[in-house]
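Hi,

Here is the structure I promised to pass on. Have a look, and my notes follow underneath.

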Amino acid sequence: MLPIDLHAHSNVSDGMLPPAEVVTRAFERGCKLFALTDHDDLRGLAVAADTARTLGMQFLPGVEVSVTWRKHTIHVVGLGVDTANETLQQGLASVRQGRDERAVRMSDALAALGIPDMLAGARKFADNPEMIGRAHFARHLIERGLAKDMKGVFKKYLAKGKPGYVSHQWAALADAVSWIRAAGGLAVIAHPGRYEFGRMLMGELIAEFKAAGGEAIEVVSGSHQAIDVSRFARLAEDEGLYASLGSDYHATGEGAREPGILPDLPPGPVPVWRRWYADADLLAEVA
Ligand code: AMP
Ligand code: MN
Ligand code: MN
Ligand code: MN
């Protein structure tokens with residue numbers, strides 16, 4: 001296991017814990033290097049960084065940008081971003097802008113299905129009102145007894161193609177990568193194993209991502225099976241991308257992922273933390 005986790009959420013987006021509590025939880029589980037990566041919002045990062053400093057844990061400010069690439073939704077994590085950067089802040093503000101109107105459309109779609117009043121119910125779960133999303137709808141559908149867990153509720157209502165899903169236009173891939181780079185960050189393709197892309201499409205995504213300035217791909221992820229880990233380790237090495245790792249933690253009890261420590265990266269690709277830490281620095285402490 002590695003005491004490194006470079007992908008996790010707080011209640012600034014669709015996680016359940018406040019930023020300080022996510023950071024503390026990761027630390028208590030043995031984490032030495034942590035990144036908070038809320039969707040489309042930087043507002044948890046100041047408190048998270050302070051908490052990590054107090055605990056004596058290394059911290060990278062991060063973000064997970066929602067992207068529409070050829071009609072597919074994909075996620076791009078930015079690591080080591082300057083939270084004061086206006087290009088990134090404005091880009092993310094533009095991405096957040098569509099969320100409320102999308103939530104209304106989701107609520108209407110569910111009402112048409114005979115499930116009324118979803119908007120108010122979902123809003124109760126969205127601690128950051130600008131960041132209402134599918135996870136908040138999911139929690140309220142579960143609260144109403146309409147599904148038993150997150151996996152089930154997405155499968156029944158909220159995944160692409162299901163009746164509560166509405167299409168939405170997020171950031172362009174090249175824009176997301178350029179905002180992250182403008183803020184001094186490194187762009188990572190998040191949980192590639194979740195995208196139902198064949199070899200061709202994945203190859204095209206990686207080519208466009210690299211051309212835009214993207215540098216890394218998640219290899220170990222809470223969203224990945226063992227087969228994804230080997231596939232993307234090899235792809236990272238072949239493509240000269242750094243390999244990243246992250247729990248994608250959202251809430252305890254929702255799925256198996258806890259934050260803070262993750263299985264080792266397979267040999268081959270260069271681990272992404274080398275960008276900031278010589279192995280010796282961090283891993284000596286860790287061993
Ligand atoms: P949104 O950005 O509002 O479309 O919400 C996307 C979020 O929904 C993801 O970041 C996950 O937190 C959650 N999510 C998406 N698909 C699933 C799934 N199949 N099971 C559980 N959570 C999911
Ligand atoms: Mn999420
Ligand atoms: Mn994601
Ligand atoms: Mn995530």
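First, something to check by eye: is histidine 250 buried or exposed? With a relative accessibility of 16%, histidine 250 counts as buried, because anything under 20% falls in that class. Keep in mind that this is a predicted model.

That histidine belongs to a metal site. The manganese ion (ligand 2) has as its protein donors Asp14 (OD), Asp14 (OD), His39 (NE2) and His250 (NE2), at 2.1 to 2.6 Å. Along the chain, the donors are spaced D-x24-H-x210-H. The site has 6 donor atoms with angles of 53 to 155° among them, and is irregular. The manganese ion (ligand 3) sits 5.5 Å from the manganese ion (ligand 2). Histidine 39 is in the loop between strand S2 (33-36) and helix H2 (45-55), while histidine 250 is in the loop between strand S7 (242-246) and helix H11 (279-286), so the two tie together parts 211 residues apart in sequence. Histidine 39 is buried as well, at 8% relative accessibility.

Now the aromatics. Trp69, Tyr195 and Phe197 make up one cluster, and the count is 2 aromatic pairs. Tryptophan 69 and phenylalanine 197 have ring centres 5.8 Å apart and planes at 45°, so that pair is tilted. It links strand S3 (residues 58-69), home of tryptophan 69, to the loop holding phenylalanine 197, 128 residues away. Tyrosine 195 and phenylalanine 197 are tilted too, with 5.6 Å between centres and 35° between planes. Tryptophan 69 is buried at 3% relative accessibility, and tyrosine 195 is buried at 8%.

One last thing: arginine 275 has its charged end over the ring of tryptophan 276, 6.0 Å from the centre.

Cheers

How values were computed:
Residues numbered from 1 in each chain as written. Chains lettered and ligands numbered in written order. Predicted model: local features only at pLDDT ≥ 70, side-chain atom pairs only at ≥ 80, totals over all residues. Heavy atoms only, no water. Donors = N, O, S within 2.8 Å, 3.2 Å for Na, K, Ca; no water. Tetrahedral: all angles 85-135°; square planar, octahedral: opposite > 155°, others 65-115°. Helix = DSSP H or I, 4+ residues; strand = E, 2+ residues; numbered from the N terminus. Buried < 20%, exposed > 50% of the residue type's maximum accessible area, 1.4 Å probe, protein only. Phe/Tyr/Trp six-rings, centres within 6.5 Å; stacked < 30°, edge-to-face > 60°. Lys NZ or Arg CZ within 6 Å of the ring centre and 35° of its normal.
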